Amino acid sequence: MKNNRKIAFEVKLLDNLISRKIIESKNGNKKLSHVQASILKYLFENNNRIIYQNELENLLDVRRSTISGILKTMEKNNFIKRIDAKNDARKKEIILTNYSLEKSKEMNEKVTQFETLLANGISYEELNVFFKVIDKIKENIK
């Protein structure tokens, strides 16, 4: 029996569902997307070193214009600051604000809860297969 489901359609549908669920839960009055939460998590985990915008582009595999828009929104919502690099005016350092540092525990709890919700009823083995398939799909379209 042939499977008529389309990978791209299912991935886009899943992305829409995840985005909708994230929008439902607010962080104070400020909405925090899954991508923004991922960026903040990375910044928290690497707060002992300087992070530049291009590092986030590579991490998330997005274009410069995309990451610029995301960071602009995060800066507007007081989660990060972008400052000129000391040794290269073309680069911007991404730093956490006091607001994001204060909210870090709450944000981590929300991310953990959301990841738990996403993985509900899925075994460890099934998750491993899921991630292997996702990795293969990403490789196929690079």
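**Notebook: cavity, pocket and overall fold**

Entry 1. I began with the largest cavity, and I noted that its lining is made up of Leu 32, Ala 37, Leu 40, Lys 41, Phe 44, Met 107, Asn 108 and Val 111. Looking up which elements give two or more residues to this lining, I found H2 and H5, and of the elements H2 gives the most, with 4 residues. I should record here that the model is a predicted one, and that every value in these entries is computed from it.

Entry 2. I then asked how many cavities of 30 Å³ or more a search of the whole structure finds. The search returns 1, and for the largest cavity I wrote down a volume of about 60 Å³. As a reminder to myself, rolling a probe the size of a water molecule over the atoms shows where empty space is left.

Entry 3. Next I turned to the open spaces, where I noted that the largest pocket has a volume of about 2200 Å³. Its lining takes in 46 residues, and those closest to the pocket centre are Val 11, Leu 14, Asp 15, Ile 18 and Ile 134. I also looked up which helices supply at least two residues each to this lining, and I listed H1 (7–24), H2 (34–45), H3 (53–60), H4 (64–76), H5 (98–119) and H6 (124–140). The largest share of the pocket lining comes from H1, which contributes 13 residues.

Entry 4. To place these helices in the chain as a whole, I looked up the secondary structure, which comes to 6 helices and 2 strands. Following the sequence from its start, I read the pattern as α-α-α-α-β-β-α-α, and I noted that the C-alpha trace spans about 60 × 35 × 25 Å along its principal axes.

Entry 5. How much of the protein chain counts as buried? I found that 25% of its 142 residues do, taking buried to mean under 20% relative accessible area. For the accessible surface of the chain I recorded about 10800 Å², with 53% of that area belonging to carbon and sulfur atoms.

Entry 6. I looked at contacts between residues at least 6 apart in sequence, and I noted that 50% of them join residues at least 24 apart.

Entry 7. Last, I looked up the charges, and the protein chain holds 28 positive and 19 negative ones. The mean positions of these two sets lie 5 Å apart.

Technical notes
Residues are numbered from 1 along each chain as its sequence is written. This is a predicted model: local features need pLDDT of at least 70, side-chain atom pairs count only at pLDDT 80 or more; totals for chains, interfaces and linings use all residues. Side-chain values use heavy atoms; hydrogens and water are left out. Buried means under 20% relative accessible area, exposed over 50%, partly exposed in between (1.4 Å probe, protein chains only). Contact means heavy atoms within 4.5 Å. Accessible areas come from the Shrake-Rupley method with a 1.4 Å probe; for residues, only the protein chains shown count as cover. Lys and Arg count as positive and Asp and Glu as negative; His and the chain ends are not counted. The place of a charge is taken as NZ of Lys, CZ of Arg, CG of Asp or CD of Glu. On a 1 Å grid over the protein atoms alone, a cavity is a set of points where a 1.4 Å probe fits but cannot get out, and a pocket is an open set with protein on both sides within 12 Å along at least five of seven lines; lining residues have an atom within 4 Å of a point. Grid points are joined across faces, edges and corners, and a volume is the space filled by probe spheres set on the points.
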